Amino acid sequence: MTTGRLLAVFVTAATVALIVVGTLWPIQSAVAMAGSGADLLSSSSSAQAAVENLAAEIGRQDWEKAYSSLANKNEFTEPEFVRDLTGNYPSLRTYATLDSSDLRPLHASADEAQIQLKLRWSTVVGTFLDTRTLKVVRTDDRSDHWAVVWPIVKEPRVPPQVIPVNYLRWDVIYRGPGDDWGAQDVEAPRVRIIDMHPVDRSAGVVIMGELLNEDVVPAFVTVKATLLAKDGSVIASEDSFDKISHVLLPKQVTPFLIAFHDVALSQVDSVHMNPSATLIAASADPVIEIEDQHLNPAPGASFTGKLINESGQVVNVAHVLGTFYGKDGQLVWVADQYVDRALLPETPVSFAMSIPADIASKVGSERAITATYSSGRFQ
Amino acid sequence: MKRRFTFSLGVLVLAAMPLAFAQSGSLHLPKTVEAGSAFSIQSTGSGKAVLYIVGPGQVLRRSVQLGEAVSFASGDLHNAGHYLTVLVSDSSTEDGSFDVTAAHEPAALSFLAKPSRIAVDSRDGISGVVYVFDAFQNLVLTPTHVSFQLSGVAGSAQTRTVLTRNGVAWTKMNSAAKEGSGQFVAQVGTATGTRVIQQVPGDPCGLRISVQPSGQRLAVQTDPVRDCSGNVVPDGTIVTFTETYNGSESTVDAPLKQGVARAEMPAYNGAKISVATGVVLGNEIRWGRE
C-alpha cells in the first residue's frame, strides 16, 4: 500500500517536472506544433536567429508573420511570397509541409550576412529540398534587429489565351454483367520486359529493367519480382511501386526499379518477374519535352535537365524517370525525381536527380521519360 | 451443388420408405434415353408401386400400376447423366439405373475466340474453341462437324471444318495482312456464334523524320508511319525524338496524330536528331554544320 502511494507521488512529481521543463525549454519542433510564436525561441537579434525564426514561421505556415519579418516587403506582396513557397498552381509544393530546415552561414559582416537556408519539404511522394541563399541585414544601426531579404522567385504566369489541342484519348467499354459466358471482353494490352538486371547494392538487391507496351492501346502497368532461393523457397516479393511510369501509351518504354532491402544477391538463385497490364482510358496529352539533359560526373553525380510542357494543359505533378546505360549499352541504373512545381505551357522547369557515384562513372548514355498528373484527370 | 442436393434428397426419400409398402414388381429399363425425348418403362408384377427416378438436378416420382408401362413425356428428363431408379412396391424394393444422353441435334454453342485484338500477319495467332450443346444445354459428346470462318477484312475468308472431340472443337487462324475488324464465325447446324477480332497494325517499318526550322527552334516530324504491310500505325503510338548536341541531349515522346508525330526541339547547329518507337529505330539527321 505504502509502495503504491510512493509510486503515485513519484509519477505525479515527475510529470509536473517534465511539464515545467517542456514549457521553459521547448524543442523547436514542439514549438512549431504548438503554434506558439517564434518569440519563445529567440528574437531576431542576430542574422542566424532571423533566419531561424523565418524558417520556423514558414514551417508553421504563419505567412503573415513571416512576410512581416522580411526586410524587402516593398518588393512583393504577401500573396506573392506565399505563392513563391507554395506555387502559383496546384503542385507538390501546395500540399507539402516543412519537415526540417538547415542553415549554413556563408559570409558575415557587421551589418550584413549571407546564409544558405535549406528547406526540406515533405510530400506524399517523399521529400524535396528548396535551397535559398538569403541576404540578412541589420535593420537599424542602433538596434540588434536583423531581417531577411527574401530572394523572391516569381513563377511565370500564363496569359489568358486559347490553345487549340488535337485531343487524343482512348475510352474503354468493358464487358457487362449481362454478357454470355464465352463472349469476349476487351483484351488486356500486351506488354513485354525488354531488359532486366539484378544488381547487388549495399542496401540489398535491386532489380531494374525496361518494360515495353507492344500494343496499340494504353496500359496501366506494374512489375512484380519474386526472389527465389536455391531450394525454390520465396525469399521476398516486391513491386516497382512508383519507380516506374504506370501509364504506358502504345510503343512506350518505361524503366522500372524494384528494391529488396537486406537481401544479398548470393542468396538468390532465380528471379521470377511478373509484369501485368490493364487496359485503361488514357490521354496522349500532354507532350513534355526534356531539354538540356546532362549527366554531371561525381562528386555529387546527378542527371539534370529541363521539362517543357508543349501542350496547353497545366501539369500539376511531373515525375521524371532516368534510365542509365553503360558504355556497352547495358542498363546500369534507374533513378527518378518528382518535380515540385507545376509545368505551365512552354515554361521550362528544371529537374535534378542524384546518381550513386560508383554508377555515374560507368554511364555511357541515358534516357529520360516523364509521367504526368493533372488535377481532375488521370495522366 | 443443385444436383448433389437433389441426389441427397432422393436418397433421403428412399431411406425413409416404410418397409410395409413392399410388394413384388420389376422394371425393364432402357439402357440409354436421349435427353428430352419421350420414353416408357415397362413394369412387371401386380399391384401398386411407386417409381422414383433420381438423376442430376432432377427427381421424378410416379405411381405405377405394376404390369403396365410407365410413360414419360418429351422434356420430362432433360439433363444428361446417370439416373437411378427405385421401384417401391408393397412387398419389395427394386433398383436399377440408366443413362440419359445429350440429344444428337446440336442446338447451341459456346464460342471462345482469343485474342480479340491481334497484330496483322500473325500466323496461327487467333484461336477459336467451340463447345456444342443440345437444346437442354447438355454437352453433345457425339462427334459433330463445326465450321469456323474468319472473314471481313481484305482477301478471301479462311475456313476450317473441325470434328468435335468430347464435345469440343478448336482451330487456329492467321490474322490478315490488312488491318480492320474480322468476323470470326463458328457454326454447328443452325447454331452460330460470332466474335469480332480486331486486327491492328504491327510494329512501324521504315520510320523516317524530316526537320524544318520553326522560328528559333526546329520542327521535327515523321513521315506517315506505317507497318511493314503498309497499314497506318494508329494514332497515339509514341514516337521518341532525340537530339544530341555537344554532350547534351533533348528528348520528346510525342504521340502520332493523324499518322504523323511532331515535336519542336532546340535549334543547334551540328545537332544530331534521331527517331525511335518502341524497339524500332528510324533515321538520323544532322542539322546544319559543325
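This is a chat about a predicted model with chains A and B.

Reader: Hi! Before I trust anything here, what is the average pLDDT of chain A?
Author: Chain A averages a pLDDT of 88, and 91% of the residues score at least 70.

Reader: Which elements of chain A have the lowest and the highest mean pLDDT?
Author: The lowest mean belongs to helix α2(A), residues 28–34, at 57. Strand β8(A) has the highest, at 96.

Reader: Good to know. What does β8(A) pair with?
Author: Its partner is strand β9(A), residues 234–239. β8(A) itself covers residues 219–228, and the two pair in the antiparallel sense over five bridges. Within that pairing, Ala225(A) has Glu238(A) as its bridge partner.

Reader: And what about the hairpin of β8(A) and β9(A), how many residues are between the strands?
Author: Five residues lie between the strands, and in this hairpin Gly232(A) takes a positive phi near 85 degrees.

Reader: Switching to the two chains together. How many residues of each are in contact?
Author: On chain B, 30 residues are in contact with 29 residues of chain A. Four strands of chain B each supply at least two residues of the side that touches chain A: β9 (108–114), β16 (191–200), β22 (248–255) and β23 (262–266). The most comes from β22(B), with eight residues.

Reader: What's the mix of residue classes on that side of chain B?
Author: That side has 14 nonpolar, nine polar and seven charged residues.

Reader: Back to β22(B): which strand of chain A is joined to it by bridges?
Author: That would be β14(A), residues 288–296. Three bridges join it to β22(B), and the two strands run antiparallel. One pair to look up is Ile290(A), whose bridge partner in β22(B) is Thr251(B).

Reader: Cool! What is the strand order in the open sheet that holds both of them?
Author: The order is β18(A)-β15(A)-β14(A)-β22(B)-β21(B)-β24(B)-β25(B), seven strands with antiparallel pairing. At the edges are β18(A), residues 349–354, and β25(B), residues 280–286, each pairing on one side only. Neighbouring strands are turned by 20 degrees against each other on average, direction ignored.

Reader: Which strand does β18(A) pair with, and over how many bridges?
Author: β18(A) pairs with β15(A), residues 302–309, in the antiparallel sense over six bridges. There, Phe303(A) has Met353(A) as its bridge partner.

Reader: What about the open sheet of four strands in chain A, what order does it have?
Author: Its order is β1-β2-β3-β4, again with antiparallel pairing. β1(A), residues 97–108, and β4(A), residues 146–149, stand at the edges with a single partner strand each, so one side of each is left without a neighbour in the sheet. The twist averages 30 degrees from one strand to the next.

Reader: And how do β3(A) and β4(A) pair?
Author: Antiparallel, over four bridges; β3(A) is residues 126–138. Val137(A) stands opposite Ala147(A) in β4(A). Helix α3(A), residues 47–59, packs on this sheet and touches β1, β2 (112–123), β3 and β4 of chain A. The direction of α3(A) makes about 165 degrees with that of β1(A).

Reader: Now the interior. How many residues are in the largest nonpolar core?
Author: It has 141 residues. Those with the most contacts inside it are Val51(A), Val136(A), Val148(A), Leu307(A), Val130(B) and Phe241(B). Helix α3(A) provides the largest share of this core, seven residues.

Reader: Which residues is Val51(A) in contact with?
Author: Leaving aside neighbours within four places in sequence, Val51(A) is in contact with Leu103(A), Ile115(A), Leu117(A), Leu134(A), Val136(A) and Val148(A).

Reader: Which residues of helix α5(A) are buried?
Author: Phe81(A), Arg83(A) and Leu85(A) are the buried residues of α5(A), which spans residues 78–86. They pack against α3 and α4 (63–68) of chain A. Just after α5(A), Gly87(A) takes a positive phi of about 90 degrees.

Reader: Last one: His82(B), buried or exposed?
Author: His82(B) counts as exposed because it has 11 C-beta neighbours inside 10 Å, and the cut-off for exposed is 12 or fewer. It sits in strand β7(B), residues 81–89.

Reader: Thanks! What does His82(B) touch?
Author: Not counting residues up to four places away in sequence, His82(B) touches Ser97(B) and Asp99(B). His82(B) and Gly55(B) are 27 residues apart in sequence, with their C-alpha atoms 6.2 Å apart in space.

Notes: Residues are numbered from 1 along each chain as its sequence is written. Chains are lettered from A and ligands numbered from 1 in the order in which they are written. This is a predicted model: local features need pLDDT of at least 70, side-chain atom pairs count only at pLDDT 80 or more; totals for chains, interfaces and linings use all residues. Two residues are in contact if their C-beta atoms, placed from the backbone, lie within 7 Å. Ala, Val, Leu, Ile, Met, Phe, Trp, Tyr, Cys and Pro count as nonpolar, Asp, Glu, Lys and Arg as charged, and the others, Gly among them, as polar. Two strands pair if DSSP finds at least two bridges between them. Axes are lines fitted to C-alpha atoms, for helices over the stretch in contact, and angles run from 0 to 180 degrees between N-to-C directions. pLDDT is the predictor's confidence in each residue, from 0 to 100. A nonpolar core is a set of buried Ala, Val, Leu, Ile, Met, Phe, Trp, Tyr and Cys residues joined through C-beta atoms within 7 Å. A residue is buried if 20 or more other C-beta atoms lie within 10 Å of its own, exposed if 12 or fewer, and partly exposed in between; C-beta atoms are placed from the backbone.
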